[in-house]
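User: Hi! I'm new to reading protein structures and would like to go through one with you. Could we take it question by question?

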Amino acid sequence: MSVTKSRSSAGKAADIRPATGKLGILTPGLGAVATTFIAGVESIRRGRSKPIGSLTQMGTIRLGKRTEGRSPLISEFVPLAKLDDIVFGGWDLFPDDAYQAASEAGVLSKEHLEPLKDFLSSIKPMTAVFDQSYVKKLTATHAKKGKNKADLAAQVIDDIKSFKKTNNCDRLVMVWCGSTESYRTPAPVHASLAAFEKGLEESDPEIAPSQIYAYAALKCGVPYANGAPNLTVDTPALLELAKENGVPVGGKDFKTGQTLMKTILAPGFKARLLGLEGWYSTNILGNRDGEVLDDPESFKSKEVSKLGALEHILQPHLYPDLYGKMDHVVRINYYPPRGDNKEGWDNIDIFGWMGYPMQIKVNFLCRDSILAAPIVLDLALFMDLAQRCGMSGIQEWLSFYWKSPQTAPGLYPEHDLFIQLMKLKNTLRYLRGEELITHLGAEYYD
Ligand SMILES: NC(=O)c1ccc[n+]([C@@H]2O[C@H](COP(=O)([O-])OP(=O)(O)OC[C@H]3O[C@@H](n4cnc5c(N)ncnc54)[C@H](O)[C@@H]3O)[C@@H](O)[C@H]2O)c1
C-alpha cells in the first residue's frame, strides 16, 4: 500500500493513503440539504460558483511560528479527495431524481438549477428503508420490502456494493441527509453487536431505519456521518462494529442556523464572565424538514440536540452565580410560506456588573440548506481522510460540524465553535507531524 509522507518537524507524520480514484458520497435522503450539496459541488466543478462556507475548500491552516508566514490551504496541506473525483448516490422515500427533488425543495433558484438539469436528473435515488413509526409525517412511495430487518440491511449492502462497482469508486462515505427520526434512547438491542444482529433478524422495533443504513455502511467499511439528531451510531452496538471494521463515524445533527449562532455567541459571554438569565429561541420554517419536525416525537430529537450546547459551553456547575438559573427554551414552528428560508428569533437575557440586566435580540434570516451543504462536503472529505489515516470510531475532532457532537462515553462534548476549530486544525497538524499551536506566544518575547 503506498503512502504519502510529510515533513515531521514536531512529531512523526501519520501514514496517509493517497486519495486516488473516485470517492462516492452516498446520502440516505435526497431532499433539500443533499440536493443543495450536490448541485453546489457540480456548480463549483463547472466554475460557476465558489465553495463558500467550506473549510476543506477555502480554509487555510497556519503552520509554525507567526513569523514564518506559512499558511497553506487545508486542501494543499492534507491529501483530500478532489471535487472532480466525487460521484453521488442516495436513497429516498420518493422516486424523484435530484433535479426534481431540488426543484421541489425550493432552495436554489431556476437560474442555478437549469444549467445543471442534465447532471442532476441523472442522479436517481435507490429505494429506501423506511418505517413510518420513526417519521410520522411522511408516507413512502419508493421503499424496500424485506422479510425482516436483516434482509433490509442485506439489500442496502447490495446497493452499496453495486454503486461502488458501477461507478468505479475507490472509496465511499455515507452522510445521513434523511429526515429526523422520532426520539429514542438506547435499548437492550443496542447494547452489543451480537444483540443488534439478533434484533435485525427479529425485526426489533427499536432498530431505526437510519441504523440499518449505518449498519450496512459499517459492514462494508464505509464511514458514516449522521446529519440528523437520530440516535443511529451513538450506540455501543454500532460503535463496536465501527471499531471492529476500522471505520470512522460521527454525529449528530449538522450545526447550522440558530445553534451555530449560539456556539458563536455563548463562548463570548462566558469569556467575559457575563451572566445569562435566559435564552429564548424560536423559529419559523416551511420546508419538509419543518413538516417532519411538526411531529412532537421528531421535534423531541431536535430539541434534545439543540438544548445541550448552552449547558456545555457555560458550565453552570463551575459558574453557579452566572449560569446556575438560566432558562433555555427552543421552539420550531412549521410555517409553509417560508419554505427553506427559515427565520429565527433569539431573545437573550444577560446580566453584568452588580447584576444589571441587558438584552440582546438576534433575528437571523438564514437559509438552512445553504449553511448545511458545505458541512456535508467537509464531513465527507474529512471522514474519508480519517479512514485513509487509519482512524476509526468516533471522530471527535469533527465536533466543529455538529450540534450535538458524539463523544466517548462519560466525556462531555466540546461545543465552543472556536475550541472545535482549534481541535480540528491541531488534528490536521498532528497528522502531518507539524507543531501543534497552543497560542502561548512567549517565544516572541524571549
Ligand atoms: N437544513 C439544515 O440546515 C439542517 C441542519 C441540521 C440538520 N438537518 C437535518 O438534515 C436532514 C435533512 O434535512 P433536509 O432539510 O434536507 O430535509 P428534507 O425533508 O428536505 O429531506 C430529507 C429527505 O429524506 C428522505 N427520507 C426520510 N427518511 C428516509 C429514509 N429512511 N431513507 C431515505 N430517505 C429518507 C425524505 O423523503 C426527504 O426527501 C434532516 O434530518 C434535518 O433535520 C438539516
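User: Let's start with charges: how many salt bridges does a search of the whole structure find?

Analyst: Keep in mind that this is a predicted model. The basic idea is simple: side chains of opposite charge can pair when their charged atoms come close. Searching the whole structure for such salt bridges gives a total of 22.

User: Take the pair Lys-65 and Glu-443: how many residues apart in sequence are the parts that it ties together?

Analyst: The two side chains meet in a salt bridge, with N to O at 4.0 Å. Lys-65 sits in the loop between helix H2 (55-58) and helix H3 (74-77), while Glu-443 belongs to the segment after helix H16 (417-431). Because of where they lie, the pair links parts whose separation in sequence is 378 residues.

User: Is Glu-202 buried or exposed?

Analyst: Glu-202 makes a salt bridge with Lys-198, and their closest N and O atoms are 3.5 Å apart. For the label we need a cut-off: exposed means over 50% relative accessible area. Glu-202 comes in at 52%, so this residue counts as exposed.

User: And Lys-252, which pairs with Asp-234 in a salt bridge: is Lys-252 buried or exposed?

Analyst: The side chains of Asp-234 and Lys-252 meet with N to O at 2.7 Å. Asp-234 is in the loop between S5 and helix H10 (236-244), and Lys-252 is in the loop between strand S6 (248-250) and helix H11 (257-271), so the pair ties together parts 18 residues apart in sequence. Asp-234 is partly exposed at 25%. Lys-252 has a relative accessible area of 12%, and since the cut-off is under 20%, Lys-252 is buried.

User: Which residues do salt bridges with shared partners join into one network?

Analyst: Here we're looking for salt bridges that have partners in common. Linking them up gives one network, made of Asp-170, Arg-171, Asp-384 and Arg-388.

User: Now Asn-226: which residue offers a backbone oxygen 2.8 Å from a polar atom of its side chain?

Analyst: Asn-226 lies in strand S5 (residues 224-226) and is buried, because its relative accessibility is 0%. Beyond its neighbours within four places in sequence, its contacts include Trp-176, Lys-252 and Trp-402. A polar atom of the Asn-226 side chain is also 3.2 Å from the backbone nitrogen of Ala-228. As for the backbone oxygen at 2.8 Å, that belongs to Asn-230.

User: What covers the buried residues of H10?

Analyst: The buried residues of H10 are Ala-237, Leu-238, Leu-239, Leu-241 and Ala-242. A general point helps with the pattern: in an α-helix there are 3.6 residues a turn, so residues three or four places apart point the same way. The cover over the buried residues of H10 includes helix H8 (193-201), helix H9 (209-219), S6 and strand S11 (393-394).

User: Which residues form a nonpolar patch on the surface?

Analyst: One member, Met-354, is in the loop between strand S9 (343-351) and strand S10 (357-365). Met-354 is exposed because its relative accessible area is 69%. Together the patch has about 530 Å² of accessible area, and its members are Trp-353, Met-354 and Tyr-356.

User: Last one: over which residues is the pLDDT below 50?

Analyst: Across the protein, the average pLDDT is 94, and 98% of the residues score at least 70. One stretch falls below 50, though it has 26 contacts in the model beyond near neighbours in sequence: residues 1-9.

Note on methods
Residues numbered from 1 in each chain as written. Predicted model: local features only at pLDDT ≥ 70, side-chain atom pairs only at ≥ 80, totals over all residues. Heavy atoms only, no water. Helix = DSSP H or I, 4+ residues; strand = E, 2+ residues; numbered from the N terminus. Buried < 20%, exposed > 50% of the residue type's maximum accessible area, 1.4 Å probe, protein only. Polar contact = N/O pair within 3.5 Å; in protein donor to acceptor, adjacent residues only side chain to side chain. Contact = heavy atoms within 4.5 Å. pLDDT = per-residue confidence, 0-100. Patch = residues over 30% accessible without salt bridge, like charges linked within 9 Å, V, L, I, M, F, W, Y side chains within 5 Å. Areas by Shrake-Rupley, 256 points an atom, 1.4 Å probe, with all protein chains shown as cover.
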